[in-house]
Amino acid sequence: GDGAAPGAAVACALESRIFEPLTWLEAAIFFAFAAATLPEKRVEMAALARDRWAAYEDCAGSAFDTAVAALERERQVAAL
């Protein structure tokens with residue numbers, strides 16, 4: 001908005017991008033734990049754990065590092 005500091009949108013995007021892999025990892029761990037402790041839902045929870053792990057792997061790694069670095073450069077430019 002009008003009262004937002006310069007670069008606030010870029011900083012928000014950077015923070016969101018940084019924490020996205022952790023969100024998927026947390027969900028994968030939760031569903032893996034649920035699969036281990038809820039025998040009646042083991043198949044369903046294991047499938048959800050695999051899906052969340054795949055999402056984690058898709059957004060983590062070198063592509064993640066590249067995206068975060070690019071957003072950090074944008075943040076630095078916006079701060080000038």
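These notebook entries record what I looked up in a predicted model.

**Entry 1: helix α1**

I began with helix α1, which takes in residues 8-37. I compared its length with expectation: at 1.5 Å a residue, its 30 residues should span 44 Å, and the end C-alpha atoms are 43 Å apart, which agrees. I then looked for a bend and found a kink of about 35° at Phe19, shortly before the proline Pro21.

Next I asked which residues of α1 are buried. I noted Val10, Leu14, Pro21, Ala28, Phe31, Ala34 and Ala35. These buried residues pack against α2, residues 42-59, and against α3, residues 62-79.

**Entry 2: helix α2**

I turned to α2 and repeated the length check. The helix has 18 residues and reaches 26 Å from its first C-alpha to its last, close to the 26 Å expected at 1.5 Å a residue. I listed its buried residues as Met45, Ala49, Arg52, Ala55 and Cys59. They cover an arc of only 125° around the axis, which puts them on the same side of α2. I recorded a general point beside this: an α-helix has 3.6 residues a turn, so residues three or four places apart point the same way.

I looked at the other side as well. The face of α2 turned away from its buried side carries the exposed residues Val43, Arg50 and Asp58. The cover over the buried residues of α2 includes α1 and α3. After α2 I found Gly61, whose phi is positive, near 100°.

**Entry 3: Arg52**

An arginine in the list of buried residues led me to look at Arg52 in helix α2. I asked whether Arg52 is buried or exposed. Its relative accessibility is 19%, and because the cut-off for buried is under 20%, Arg52 counts as buried. I then listed its contacts, leaving out residues up to four places away in sequence: Arg52 touches Trp24, Ala27, Ala28 and Phe31.

**Entry 4: the largest nonpolar core**

I asked which residues make up the largest nonpolar core. It holds 5 residues in all, namely Phe31, Ala34, Ala35, Met45 and Ala49. The elements that give two or more residues to this core are α1 and α2. Of the contributions, that of α1 is the most, with 3 residues. I noted that, in soluble globular proteins, nonpolar side chains tend to be buried together.

I followed Phe31 further. Not counting residues up to four places away in sequence, Phe31 touches Met45, Leu48, Ala49 and Arg52.

**Entry 5: helix α3**

I checked α3 in the same manner. At 1.5 Å a residue, its 18 residues should span 26 Å, and its end C-alpha atoms are 26 Å apart, which agrees. In α3 I found Phe64, Val68 and Leu71 buried. Seen down the axis of α3, these buried residues fall within an arc of 65°, so they line one face of the helix. The face turned away from that buried side carries the exposed residues Ser62, Thr66 and Val77. The buried residues of α3 pack against α1 and α2.

**Entry 6: pairs distant in sequence**

I chose three residues of α3 and looked up a partner for each.

- Leu71 counts as buried, at 15% relative accessibility. The C-alpha atoms of Leu71 and Leu14 are 57 residues apart along the chain and separated by 5.6 Å. Not counting residues up to four places away in sequence, Leu71 touches Val10, Ala13, Leu14 and Arg17.
- Glu72 counts as partly exposed, at 24% relative accessibility. Its C-alpha atom is separated by 9.7 Å from that of Glu15, 57 residues apart along the chain.
- Ala78 is partly exposed, with a relative accessible area of 26%. Ala78 and Ala9 are 69 residues apart in sequence and 9.7 Å apart in space, C-alpha to C-alpha.

**Entry 7: cysteines**

Finally I asked how many disulfides there are. The count comes to 0. Cys12 is in no disulfide, and the nearest cysteine sulfur, that of Cys59, is 17 Å away. Seen from Cys59, the closest cysteine sulfur is in Cys12, and the 17 Å between them is too far for a bond. I also compared their exposure: Cys12 is partly exposed, with a relative accessible area of 49%, whereas Cys59 counts as buried at 7% relative accessibility.

Technical notes. Residues numbered from 1 in each chain as written. Predicted model: local features only at pLDDT ≥ 70, side-chain atom pairs only at ≥ 80, totals over all residues. Heavy atoms only, no water. Helix = DSSP H or I, 4+ residues; strand = E, 2+ residues; numbered from the N terminus. Expected span 1.5 Å × (residues − 1). Bend = angle between axes of the 7 residues up to and from the residue. Buried < 20%, exposed > 50% of the residue type's maximum accessible area, 1.4 Å probe, protein only. Contact = heavy atoms within 4.5 Å. Disulfide = S-S within 2.5 Å. Arc of directions from axis to C-beta. Core = buried A, V, L, I, M, F, W, Y, C linked by side-chain atoms within 4.5 Å.
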